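Please examine the sequence and the coordinates below together. The explanation that accompanies them proceeds by helix packing, burial and backbone geometry.

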Amino acid sequence: MPRYKKRADGRYCKQIVIGYTEQGKKKTKTVYAKTIKELEAKIEELLKQKRKENFVIDDAITVEEWMLQWLRTYKANREYNTVNMYANNIKKHIIPAIGELKLSQVKPIQIQDMLNNYMGTRTGEICKLTVKQAFQQAYAEGFIERDITLGLQKIGKIPDEKRTLTREEIDMVFNTEFDKRQKIFLELLYYTGVRRGEALALSKYDVNLDKMELDIRHSLLMKNDNTSCIKEPKTKHGMRTLPIPQALQSDITEYIKTLQGNYLFTKKDGEIINRSSFRKMWGGISKRIKEKYQTEISFTPHTFRHTYATNLYHAGVDLKTAQYLMGHANVEVLLKIYTHLDDEKKSNCADIINNMFNNDRIRQSEFSQN
């Protein structure tokens, strides 16, 4: 989609938001120019003028009012979970801390003080992201004189726990007796690397038993404890066809024969599974492992997916093929995994070489003695 609109008379134009009415509707001004370069210069000049005049919707507008307006205007068309993430962060963390402050009078130290309460947490990272985007938009539209988020300090992020299942944990999982639904769900995660939502959205029509292939075309979105819906993957890369390994083929064939409806995973009433039902199923899996081995395994469906990616590496699957099988839009995520495993291999290689030459020296010593 072109960034600027070209009119029939050959001129370029773009609408710039210059304010909002009391009802929250946008006020706009259309800028015209013969070339894109001239148009961009005029836009920048207009925004500079707005900042110079300290053009604010209303001197009394608060951070709370602006954050909610920003959410409605600029995040309306995003994914449900993304919108929900921003909304929860704004209502639970930002508004209680700085919501009553005037938008035009907020100081960087007040934002930093709020962020320091969430040092080293995922909440802090999301909070910082939300504030930066909202205040940068306020600056771009001329509602505040400068971007006060430029000097914010890093608050540190606790890295996501992306680990693989250990050999012992894999043995525990596959030697525990589960019900049919629990078993096939775990096997799908382990043998195909599908995301949780992709597995839960599978219907029997997605399983090609003749070719032993799995068509990933949908994902389950669990909006809350009781509401779920089937949607397409976020990107076209999420749509893919996966081979069903021999280790899974007989189990999934028998499981499909037992289905009363179309979907592989449903509630007791046959409707698509929701968050509450999934928690019970996953909780039941953990409970059965604990009962058998008197210990708990801390894992999530994503742990199986990360294990699958690692198994692809050890099987010698190239990066581009692995990207397709995993359904990644770009290769960066997998590249980190492969690079990390390459580094591990290099470290092990040094030990192997040392042992090889140490053994060689021992043999030489024994030969000389004889």
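The paragraphs that follow treat a group of helices, then a buried leucine, then a further helix, and finally some backbone angles.

The model is a predicted one, and every value quoted here is computed from it. Two packed helices are described by the angle between their axes and the distance between the axes. The account therefore gives both quantities for each pair of helices, beginning with the pairs that involve H5.

Helix H5 covers residues 122-140. It has 19 residues and reaches 27 Å from its first C-alpha to its last, close to the 27 Å expected at 1.5 Å a residue. Its buried residues are Gly 124, Ile 126, Cys 127, Lys 128, Thr 130, Val 131, Ala 134, Phe 135 and Ala 138. The cover over these buried positions includes helix H2 (63-74), helix H3 (80-98) and H4. In general, an α-helix has 3.6 residues a turn, so residues three or four places apart point the same way. That rule may be kept in mind when reading the contact lists below.

Consider H4 against H5. Helix H4 (residues 108-116) packs on H5 at an angle of about 160°, with the two axes 9 Å apart. Angles over 145 degrees count as roughly antiparallel, and H4 is therefore roughly antiparallel to H5. The crossing of this pair is right-handed. On the H4 side the contact is made by Ile 111, Met 114 and Leu 115, and on the H5 side by Gly 124, Cys 127, Lys 128, Val 131 and Phe 135. By class, the residues of this contact divide into six nonpolar, one polar and one charged.

Helix H2 meets H5 in another orientation. The axes of H2 and H5 come within 10 Å and cross at roughly 90°. An angle from 65 to 115 degrees counts as roughly perpendicular, which is why H2 is described as roughly perpendicular to H5. H2 contributes Val 63, Trp 66, Met 67, Trp 70 and Tyr 74 to the contact, while H5 contributes Thr 130, Gln 133, Ala 134, Phe 135, Gln 137 and Ala 138. Eight nonpolar residues, three polar residues and no charged residues make up the contact of H2 with H5. Phe 135 of H5 appears in the contact with H4 and also in the contact with H2.

The third pair is H3 with H4. The axes of these helices come within 10 Å and cross at roughly 135°. That angle makes H3 oblique to H4, and the crossing is right-handed. His 93, Ile 94, Ala 97 and Ile 98 of H3 are in contact with a set from H4 that consists of Gln 110, Ile 111 and Met 114. The classes here are five nonpolar, two polar and no charged residues. On H4, Ile 111 and Met 114 take part in the contact with H3 and also in the contact with H5.

Attention now turns to Leu 200, which is found in helix H8 (residues 196-200). Its relative accessible area is 2%. Because buried means under 20% relative accessible area, Leu 200 counts as buried. Leaving aside neighbours within four places in sequence, Leu 200 is in contact with Phe 185, Leu 220, Met 222, Phe 265, Ile 273, Phe 278 and Met 281. Leu 200 and Thr 266 are 66 residues apart in sequence, yet their C-alpha atoms are 8.2 Å apart in space.

Helix H11 (301-314) is mostly covered, with 11 of its 14 residues buried. Among the buried residues are Pro 301, Phe 304, Arg 305, His 306, Tyr 308, Leu 312 and Tyr 313. H11 reaches 20 Å from its first C-alpha to its last, close to the 20 Å expected at 1.5 Å a residue.

The last topic is the sign of phi. Most residues other than glycine have a negative phi, and most peptide bonds are trans. Met 212 is not a glycine, but has a positive phi of about 55°. Met 212 lies in the loop between strand E4 (207-208) and strand E5 (213-216), and at 17% relative accessibility it counts as buried. Gln 294 likewise has a positive phi, near 55°. Its place is in the loop between helix H10 (275-293) and helix H11, and at 66% relative accessibility Gln 294 counts as exposed. Glycines with positive phi include Gly 142, at about 80° just after H5, and Gly 316, at about 85° just after H11.

Technical notes. Residues numbered from 1 in each chain as written. Predicted model: local features only at pLDDT ≥ 70, side-chain atom pairs only at ≥ 80, totals over all residues. Heavy atoms only, no water. Helix = DSSP H or I, 4+ residues; strand = E, 2+ residues; numbered from the N terminus. Buried < 20%, exposed > 50% of the residue type's maximum accessible area, 1.4 Å probe, protein only. Expected span 1.5 Å × (residues − 1). Axes fitted to C-alpha atoms, helices over the stretch in contact; angles between N-to-C directions. Parallel < 35°, antiparallel > 145°, perpendicular 65-115°, else oblique. Left-handed = near helix turned anticlockwise from the far one by under 90°. Contact = heavy atoms within 4.5 Å. Nonpolar A, V, L, I, M, F, W, Y, C, P; charged D, E, K, R; others polar.
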